[in-house]
Amino acid sequence: MPSPLISATELHDLRQQGRPVVVVDCSFDLTNPAAGREMYQQEHLPGAFYLHLDNELSGPRTGFNGRHPLPDAEMFVARMRALGVDDDALVVAYDAQGSMYAARLWWLMRWVGHGAVAVLDGGKAAWLAAGLPLEPGTTPDPDAGGSLTRRTSLVRTVDAATLVDNLAQPSLLVVDARAADRFRGENETLDPVGGHIPGAANRFFKDNLGPDGRFKPADQLRAEFGQVFGGKAPAQTVMQCGSGVTACHNLLAMEVAGLTDAALYPGSWSEWCADPQRPVATGTGT
């Protein structure tokens with residue numbers, strides 16, 4: 001299985017060879033939504049485009065569908081075409097936040113059936129550590145758009161109703177990617193209710209990374225997720241987080257580890273807790 005990660009030197013070499021590669025900066029700050037684009041305009045990988053989490057990697061909020069609902073698939077495909085993405089193009093996503101937003105674009109590309117997508121392992125910091133240059137300003141969209149085709153999805157999702165039913169007859173293990181304190185219902189600053197879905201396990205997405213900001217080796221990730229799963233197969237697990245973003249980081253780490261076919265709950269906690277009829281658990285237990 002090809003790795004969903006690409007190193008800075010591998011990416012640089014591909015571009016030097018003239019391979020069709022579209023690089024996208026996904027940097028973002030949940031507390032300052034303008035910060036990511038400002039960082040991009042200051043400096044970014046040469047030729048990289050920028051996509052905004054709220055505006056382009058998410059759809060409209062209704063108040064009941066979470067903080068970062070999935071975008072309209074056709075509109076998302078059209079936006080990627082505007083960046084020059086063809087069916088044979090490799091899309092490389094990166095950010096400056098430990099790949100937490102780049103993983104969202106990686107998952108979305110697979111959601112619309114485009115498997116040629118990778119995340120720059122280590123992000124912008126790894127690019128700089130390799131001695132490679134950045135450039136300022138904004139990269140204009142290509143004059144001629146790409147011809148990306150929407151194909152059969154390569155990923156799976158589940159909805160809130162499925163997880164409500166799962167409470168009565170548990171067959172799926174929900175894995176929450178938020179920090180342990182938010183999972184317990186403490187220090188909740190992003191959503192109006194603290195806690196987690198009853199029965200969920202906790203796997204903080206940052207635990208997927210080593211001290212250098214790169215993903216841990218596949219065998220280490222496989223062992224760590226195995227401890228979380230407690231005997232469940234990947235296909236029996238559902239990844240969620242606060243709003244369906246960092247859950248993609250866990251899905252990416254699982255892909256690195258060869259643990260495939262887990263599902264995403266896109267609405268995640270922010271959707272779940274918007275309905276007071278849905279139960280809430282707190283503390284470390286279920």
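The exercises below work through a predicted model, from its overall dimensions to the surroundings of one helix.

Residues are numbered from 1 along each chain as its sequence is written. Because the model is predicted, local features need pLDDT of at least 70 and side-chain atom pairs count only at pLDDT 80 or more, while totals for chains, interfaces and linings use all residues; side-chain values use heavy atoms, with hydrogens and water left out.

**Exercise 1. Describe the overall build of the protein, and judge how its radius of gyration stands against the globule rule.**

Step 1. Begin with the secondary structure: the protein has 10 helices and 10 strands, where helices (H or I, at least four residues) and strands (E, at least two) are DSSP runs numbered from the N terminus.

Step 2. The radius of gyration is 18 Å, close to the 19 Å that the globule rule gives for 286 residues, so the protein is as compact as a globular protein of that length. The radius is taken over C-alpha atoms, and the rule is 2.2 Å times the number of residues to the power 0.38.

Step 3. Along the principal axes, the C-alpha trace spans about 55 × 40 × 35 Å.

Step 4. Turn to burial and surface: buried residues (under 20% relative accessible area, with exposed being over 50% and partly exposed in between, for a 1.4 Å probe and protein chains only) make up 51% of the 286 residues. The protein exposes about 12,100 Å², of which carbon and sulfur atoms supply 51%, the areas coming from the Shrake-Rupley method with a 1.4 Å probe.

Step 5. Among contacts (heavy atoms within 4.5 Å) between residues at least 6 apart in sequence, 77% join residues at least 24 apart.

**Exercise 2. Determine how helix H4 packs against H9 and which residues make the contact.**

Step 1. H4 comprises residues 102-111 and H9 residues 247-256; they pack at an angle of about 75 degrees, with their axes 8 Å apart. The axes are lines fitted to C-alpha atoms, for helices over the stretch in contact, and angles run from 0 to 180 degrees between N-to-C directions.

Step 2. H4 and H9 are therefore roughly perpendicular to each other, on a scale where angles under 35 degrees count as roughly parallel, over 145 as roughly antiparallel, 65 to 115 as roughly perpendicular and the rest as oblique.

Step 3. On the H4 side the contact is made by Ala103, Arg104, Trp106, Trp107 and Arg110, and on the H9 side by Cys248, His249, Leu251, Leu252 and Glu255.

Step 4. Sorted by class, this contact of H4 with H9 has six nonpolar, one polar and three charged residues; Ala, Val, Leu, Ile, Met, Phe, Trp, Tyr, Cys and Pro count as nonpolar, Asp, Glu, Lys and Arg as charged, and the others, Gly among them, as polar.

**Exercise 3. Carry out the analysis for H3 and H4, and state the class make-up of their contact.**

Step 1. H3 (residues 73-82) and H4 pack at an angle of about 110 degrees, with their axes 11 Å apart, which makes H3 roughly perpendicular to H4.

Step 2. From H3, the residues Ala73, Phe76 and Met80 meet Leu105, Leu108, Met109 and Trp111 of H4. The contact of H3 with H4 has seven nonpolar, no polar and no charged residues.

**Exercise 4. Establish whether H4 is mostly covered or open, and follow two of its tryptophans to their partners.**

Step 1. H4 is mostly covered, with 10 of its 10 residues buried.

Step 2. Trp106 counts as buried at 2% relative accessibility; leaving out residues up to four places away in sequence, Trp106 touches Pro4, Val117, Ala118, Val119, Cys248, Leu251, Leu252 and Glu255.

Step 3. Trp107 is also in H4 and is buried, with a relative accessible area of 2%. With residues up to four places away again set aside, the partners of Trp107 are Leu70, Val155, Arg156, Thr157, Cys248, Leu251 and Leu264.

**Exercise 5. Locate the residues with positive phi around H4 and in H10, and describe their burial where it is known.**

Step 1. Ser99, in the loop between E4 and H4, has a positive phi of about 70 degrees although it is not a glycine, and at 1% relative accessibility Ser99 counts as buried.

Step 2. Just after H4, Gly113 takes a positive phi of about 90 degrees.

Step 3. Ser268 lies in helix H10 (residues 268-272); although not a glycine, Ser268 has a positive phi of about 55 degrees, and Ser268 is buried, with a relative accessible area of 0%.
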